[in-house]
Amino acid sequence: MIRVSSNDSAEVIKQCLQVLESINSDSSVPRNIRRSVNEIMDILNNESEPLFLRAASSISILEDISNDPNLPLHTRTLIWNLSSQLETIPVDE
């Protein structure tokens, strides 16, 4: 198993937020998806929750988004990549 330090976890969150921001500003993405992206951004920015819990909640929403038939293919790929990145955050932080 790959260990990710808390600094690396913070970097993962930062990178994910940048990708989410780009999805949010993409006009080809349906509004309901952009609303969910905003929700994920709020979750990831909520530092009162443990990092692993924020990641798990975000992954759950990303999985729901990825099953939306109206999601553009390029965005679906970004969503899958985001999920993969968030899964690298360890539970025991």
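User: Hello! From the N terminus on, how do the elements of the chain run?

Analyst: Welcome! This is a predicted model. The chain holds four helices and zero strands. Read from the N terminus, its elements therefore run α-α-α-α.

User: What is the radius of gyration of the chain, and how does it relate to the globule rule?

Analyst: For 93 residues the globule rule gives 12 Å, and the chain comes close to that, so it is as compact as a globular protein of that length. Along the principal axes, the C-alpha trace spans about 35 × 25 × 20 Å. The radius of gyration itself is 13 Å.

User: Where in the chain is confidence highest?

Analyst: The mean pLDDT of the chain is 90, and 91% of the residues reach 70 or more. Confidence is lowest in helix 1 (residues 6-24), at a mean of 90. It is highest, at 96, in helix 2 (residues 31-45).

User: Which residues have the most contacts inside the largest nonpolar core?

Analyst: Buried residues make up 41% of the chain. The largest nonpolar core has 23 residues. Helix 1, helix 2, helix 3 and helix 4 each supply at least two residues of this core. Those with the most contacts inside the core are Leu20, Leu44, Ile65 and Leu86.

User: Which residues does isoleucine 65 touch, not counting those up to four places away in sequence?

Analyst: Ile65 is one of the buried residues of helix 3, and it is also among the core residues with the most contacts. Beyond its sequence neighbours up to four places away, isoleucine 65 touches Ile33, Ser36, Val37, Ile40, Leu71 and Ile79.

User: How far apart are the end C-alpha atoms of helix 3?

Analyst: Helix 3 covers residues 51-66, which is 16 residues. At 1.5 Å a residue, the helix should span 22 Å. The model agrees with this, because the end C-alpha atoms are 22 Å apart.

User: Is serine 83 buried or exposed?

Analyst: Serine 83 is found in helix 4 (residues 73-86). A residue counts as buried when its relative accessible area is under 20%. The value for serine 83 is 10%, so this residue is buried.

User: With which residues is serine 83 in contact, leaving aside neighbours within four places in sequence?

Analyst: Helix 3 is a good place to look, with Ile59 and Leu62 among its buried residues. Leaving aside neighbours within four places in sequence, serine 83 of helix 4 is in contact with Ile59 and Leu62.

Technical notes
Residues are numbered from 1 along each chain as its sequence is written. This is a predicted model: local features need pLDDT of at least 70, side-chain atom pairs count only at pLDDT 80 or more; totals for chains, interfaces and linings use all residues. Side-chain values use heavy atoms; hydrogens and water are left out. Buried means under 20% relative accessible area, exposed over 50%, partly exposed in between (1.4 Å probe, protein chains only). Contact means heavy atoms within 4.5 Å. The expected span of a helix is 1.5 Å times one less than its number of residues. pLDDT is the predictor's confidence in each residue, from 0 to 100. The radius of gyration is taken over C-alpha atoms; the globule rule is 2.2 Å times the number of residues to the power 0.38. A nonpolar core is a set of buried Ala, Val, Leu, Ile, Met, Phe, Trp, Tyr and Cys residues joined through side-chain atoms within 4.5 Å.
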